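Visitor: Could you walk me through this one from the fold down to single side chains? I'd like the cut-offs spelled out as we go.

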Amino acid sequence: RGPDRRGRRGRSRIKRAAALLPLDMAYDLVEAVARTAVVESQLALIVIRPDGSSEDYGIVSRKVVTTTGVGFLVDAWQNLAELENMKYHALGTGSTAEANGDTALVTELTTEYTGNVRATGTTTEASATVFETVATNTLDGTPGAALREHGIFSASTVGVLWDRTVFAAITLSSGDGLQSTYDMTASAGG
């Protein structure tokens, strides 16, 4: 389902809800929604095997950023943090559902990565309103690790969690890499 289809469904729901309200409240609802700016994210994953083969899992999740991530953004506007540091990709085996209050992965891998640190993403502007970071975490330990979570952080170790995503288990062996493409889209209010 593309963004246009989701957008049409959302507008349809707002129209139905507004029809049930007194006219002044319906107007206020429509105006509030029209002024709302939205930040949405998506994560796509590709497994890269040592023999050069790959398995494309496509987009595994669409979610929103965490509360600590939003706080980091506010700090960056005050020049207290560097927003361009939100490019470190972490993997974990935790399966607890995402929550906007998350501050870390549930069970992050640490020494299983090549170099024992999170992969540093390459950052790009996928379009005028889309920030993108792409990285590959390669495992050098824990054969058969069933990965279930991904996070974008502000540092190669510790740091602030911008976004946490949980997905269906993907099992990697030593030498396998998981390429993650994280896109954050900001849509202006009306």
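Guide: Let me begin with the vocabulary: helices (H or I, at least four residues) and strands (E, at least two) are DSSP runs, numbered from the N terminus. With that in hand, the elements of the protein chain run α-α-β-β-α-β-β-β-β-β-β-β from the N terminus on, which comes to three helices and nine strands.

Visitor: And what are we looking at, before I trust any of it?

Guide: This is a predicted model, in which local features need pLDDT of at least 70 and side-chain atom pairs count only at pLDDT 80 or more, while totals for chains, interfaces and linings use all residues. Residues are numbered from 1 along each chain as its sequence is written, and side-chain values use heavy atoms, with hydrogens and water left out.

Visitor: OK, sheets. Which strands form the open one, and in what order?

Guide: The open sheet has four strands in the order E4-E3-E7-E8, with antiparallel pairing; two strands are taken to pair if DSSP finds at least two bridges between them. Its edge strands are E4 (119-120) and E8, each of which pairs on one side only.

Visitor: How many bridges between E7 and E8?

Guide: Eight bridges join these antiparallel strands, E7 and E8, and across from Arg164 in E8 stands Gly151.

Visitor: What about E9, what does that pair with?

Guide: E9 pairs with E1 in the antiparallel sense over 11 bridges, where Leu43 has Tyr182 of E9 as its bridge partner. E9 also pairs with E6 (residues 130-138), again antiparallel, over nine bridges, and there Thr138 has Gly177 of E9 as its bridge partner.

Visitor: Does Tyr182 come up anywhere else? I mean, which residues have the most contacts in the largest nonpolar core?

Guide: Tyr182 is on that list, together with Leu147, Trp162, Leu172 and Leu178, in a core of 26 residues. A nonpolar core here is a set of buried Ala, Val, Leu, Ile, Met, Phe, Trp, Tyr and Cys residues joined through side-chain atoms within 4.5 Å, where buried means under 20% relative accessible area, exposed over 50%, and partly exposed in between (1.4 Å probe, protein chains only).

Visitor: Which strands feed it?

Guide: At least two residues of this core come from each of E1 (38-48), E3 (88-92), E7 (145-153), E8 (161-172) and E9 (177-187). E8 gives the most, with five residues.

Visitor: And how much of the chain is buried?

Guide: Of the 190 residues of the protein chain, 32% count as buried.

Visitor: Switching to charges: how many salt bridges?

Guide: A search of the whole structure finds five, a salt bridge being a side-chain nitrogen of Lys or Arg within 4 Å of a carboxyl oxygen of Asp or Glu. One of them joins Asp176 to Arg49, with the closest N and O atoms 2.5 Å apart. Asp176 lies in the loop between E8 and E9 and Arg49 in the loop between E1 and E2 (54-63), so this pair ties together parts that are 127 residues apart in sequence.

Visitor: Is Asp176 buried or exposed?

Guide: Asp176 counts as buried because its relative accessibility is 4%.

Visitor: You mentioned Arg164 earlier. Which salt bridge does Arg164 make with Glu149, and how far apart are the atoms?

Guide: The closest N and O atoms of Glu149 and Arg164 are 2.8 Å apart; the pair links Glu149 in E7 to Arg164 in E8, 15 residues apart. Glu149 is buried at 0% relative accessibility, and Arg164 is buried at 2%. Arg164 also meets Asp102 in a salt bridge (3.0 Å, N to O), and that pair links E8 to the loop between E3 and E4, 62 residues apart. Both Arg164 and Asp102 are buried.

Visitor: What's next door at Thr165?

Guide: Thr165 is in E8 and counts as buried, at 2% relative accessibility. Its side chain makes a polar contact with the side chain of Asp163 (3.0 Å), a polar contact being a pair of N or O atoms within 3.5 Å, where within protein one must be able to donate a hydrogen and the other to accept it, and residues adjacent in sequence count only if both atoms are side-chain atoms.
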